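Could you walk me through this structure in my viewer, one selection at a time? I would like to know what to pick next and what is there.

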Amino acid sequence: MTSGRGGLYALPFLFDFWALPHQLPPAGDWRVWVVMGGRGAGKTRAGAEWVRAQVEGGRPRDPGRATRVALVGETYDQVRDVMIHGDSGILACAPHDRRPVWKASERKLIWPNAAEAQAFSATDPEALLGPQFDAAWVDELGKWKKGQAAWDMLQFALRLGDDPRACVTTTPRNVEVLKDLLGRESTVTTHAPTEANRANLAAGFLEEVRTRHAGTWMGRQELDGELIEETEGALWSASQLDALRRDTAPVLDRIVVGLDPSVSAGGDACGIVVAGARTAGPPRDWHACVLADCTVQGTSPLEWAEAAVAACYRYGADRLVAETNQGGALVRDVLKGVDPMLPVTCVHATKGKAARAEPVAALYEQGRVAHLRDLGALEDQMCRMAVTGYTGRGSPDRLDALVWAIFALMIEPASNWRAPGVRTL
């Protein structure tokens, strides 16, 4: 750094000094760096500064490591208005002596050292046929309608220099092109929620959006920057579950805890889900609400039994419903060992997990099961269960516990319900 006034003038443009950890590229040998985060987490600034680091040399007219850069956004307008002219875009980040010139007619930025960046729209993948580059900045890949085609064309164009690289800045979306990219060994990722950039956000913004979206699918994706995967043809969808969200529990006349036990310590999680129902009137008027996911991971039978009993106490549950396919009598014995007076119903599954889940999913389709906030891990499993089976990792332990709870609250009682005054023969 230069001394005196020159050093002070340069300080605002030394991004390594000011950057948040997720805004700096990881060290090592990688081809694609994905900056994934919530809205306002500083992704655009990270991409713009990365482009600067690629094209700038030690002095304004010295060459950098890259001389031909592709700037690819969802549309040309978004490239121009966000990536180039935006408040955190390339022009806003560049010091005066290194600021490139925007040539709108050519859709190009040209730096004093003759490096160039060309704008492309992901809606026109064919425009990437022909040009070649040694670097690329890709913005909001998860939103591209022609994402796979545009990304594939860009890979063919990244063929200049010894080490062509790309920076991808995006809010996560459940799209194959992004999921495939994240799964590649040549991809590195940094991640941050919106809160990470709190100092640069308007006062009150975070409080407002957190109050409205915390604990929801929308909040997890748009604020926490989580990639929420959904299986095609799943019995539940994230948007469906968000539509059934409640801030507070309704009046309930019965509460149960569903338990999907794990027999051996260190294995699958032990699913523990608390739900309640209002069952006044005929079954078509019954409604349920999922109150909590108290699942525990990698514990001994005694530990998960204590956790399940504690959930019953905490939520005033009328009964604990436990699957006994694994463990048999051990499940009842260990629960009774913790609390001999606890009402326990042991159930044995005779159908596959997907078949058991279908009638519960039907109640959700009818809008008869609500969710409180902060059930993300459970909802992830729900969105990975299809008619053909579960596509997530491991066992859907939380989902199994949910199914048993809703079965005990809604499905089994409905099958035995008789209208008042109706006699059975």
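Here is a tour that starts with the whole chain and then goes from one selection to the next.

**The whole chain**

Keep in mind as you look around that this is a predicted model. Show the C-alpha trace first: its atoms fill a box of roughly 90 × 45 × 40 Å along the principal axes. Colour by secondary structure and you should find 15 helices and 16 strands. Of the 425 residues, 49% are buried. If you turn on a surface, its accessible area comes to about 20,000 Å², with 51% belonging to carbon and sulfur atoms. Contacts between residues at least 6 apart in sequence join residues at least 24 apart in 70% of cases.

**The eight-stranded sheet**

Now select strands 1 to 8. They form an open sheet with mixed pairing, in the order 3-4-5-2-6-7-1-8. Which strands stand at the edges? They are strand 3 (101–103) and strand 8 (187–192); each has a single partner strand, so one side of each is left without a neighbour in the sheet. Look along the sheet to see the twist: neighbouring strands are turned by 15° against each other on average, direction ignored.

Zoom in on strand 3 and its partner, strand 4 (residues 108–110). The two pair in the antiparallel sense over three bridges, and Val101 has Ile110 of strand 4 as its bridge partner.

**Two helices on the sheet**

Add helix 3 (residues 43–55), which packs on the sheet and touches strand 1 (32–37), strand 2 (68–73), strand 6 (135–139) and strand 7 (165–170). The direction of helix 3 makes about 165° with that of strand 7. Then add helix 4 (residues 76–84). Helix 4 lies across strands 2, 3, 4, 5 (116–121) and 6, and runs at about 110° to strand 2.

**Salt bridges**

There are 24 salt bridges in the whole structure, and three make good stops.

- Select Arg98 and Glu56, whose side chains meet in a salt bridge with an N to O distance of 3.7 Å. Arg98 is in the loop between helix 5 (90–93) and strand 3, while Glu56 is in the loop between helix 3 and strand 2, 42 residues apart. Both Arg98 and Glu56 are buried.
- Select Glu74 and Lys145, where the closest N and O atoms are 3.6 Å apart. Glu74 sits in the loop between strand 2 and helix 4, and Lys145 in the loop between strand 6 and helix 6, so this salt bridge ties together parts 71 residues apart in sequence. Glu74 is buried at 10% relative accessible area, whereas Lys145 is exposed at 76%.
- Select Lys179 and Glu176, a salt bridge of 3.1 Å from N to O. Both lie in helix 7 (residues 176–182), three residues apart, about one turn of the helix. Lys179 counts as buried at 19% relative accessibility, and Glu176 is exposed at 56%.

To see a network, select Arg45, Glu49, Arg52, Glu56 and Arg98, which are joined by salt bridges that share partners.

**Unusual backbone angles**

Most residues other than glycine have a negative phi. With that in mind, select Glu140, which has a positive phi of about 55°. Glu140 lies in the loop between strand 6 and helix 6 (147–157), where it is buried with a relative accessible area of 16%. Next, go to Asp374, whose phi is near 65°. Asp374 is in the loop between strand 14 (369–371) and helix 14 (376–382); is it buried or exposed? At 64% relative accessibility, Asp374 counts as exposed.

**Strand 9 and its partners**

Move on to strand 9 (254–260). Six of its seven residues are buried, so strand 9 is largely enclosed by the rest of the structure. Add strand 10 (residues 271–278), which runs antiparallel to strand 9 and is joined to it by seven bridges; Ile255 stands opposite Gly276 there. Then add strand 12 (residues 319–323), which pairs with strand 9 in the parallel sense over four bridges, with Val321 as the bridge partner of Gly258.

**A last stop at the surface**

Finally, select Leu14, Phe17 and Trp18, which make a nonpolar surface patch of about 340 Å². Phe17 belongs to helix 2 (residues 15–18) and is exposed, with a relative accessible area of 56%.

Technical notes: Residues are numbered from 1 along each chain as its sequence is written. This is a predicted model: local features need pLDDT of at least 70, side-chain atom pairs count only at pLDDT 80 or more; totals for chains, interfaces and linings use all residues. Side-chain values use heavy atoms; hydrogens and water are left out. Patches are made of residues with over 30% relative accessible area and no salt bridge: like charges are joined within 9 Å, nonpolar side chains (Val, Leu, Ile, Met, Phe, Trp, Tyr) within 5 Å. Accessible areas come from the Shrake-Rupley method with a 1.4 Å probe; for residues, only the protein chains shown count as cover. A salt bridge is a side-chain nitrogen of Lys or Arg within 4 Å of a carboxyl oxygen of Asp or Glu. Buried means under 20% relative accessible area, exposed over 50%, partly exposed in between (1.4 Å probe, protein chains only). Two strands pair if DSSP finds at least two bridges between them. Axes are lines fitted to C-alpha atoms, for helices over the stretch in contact, and angles run from 0 to 180 degrees between N-to-C directions. Contact means heavy atoms within 4.5 Å.
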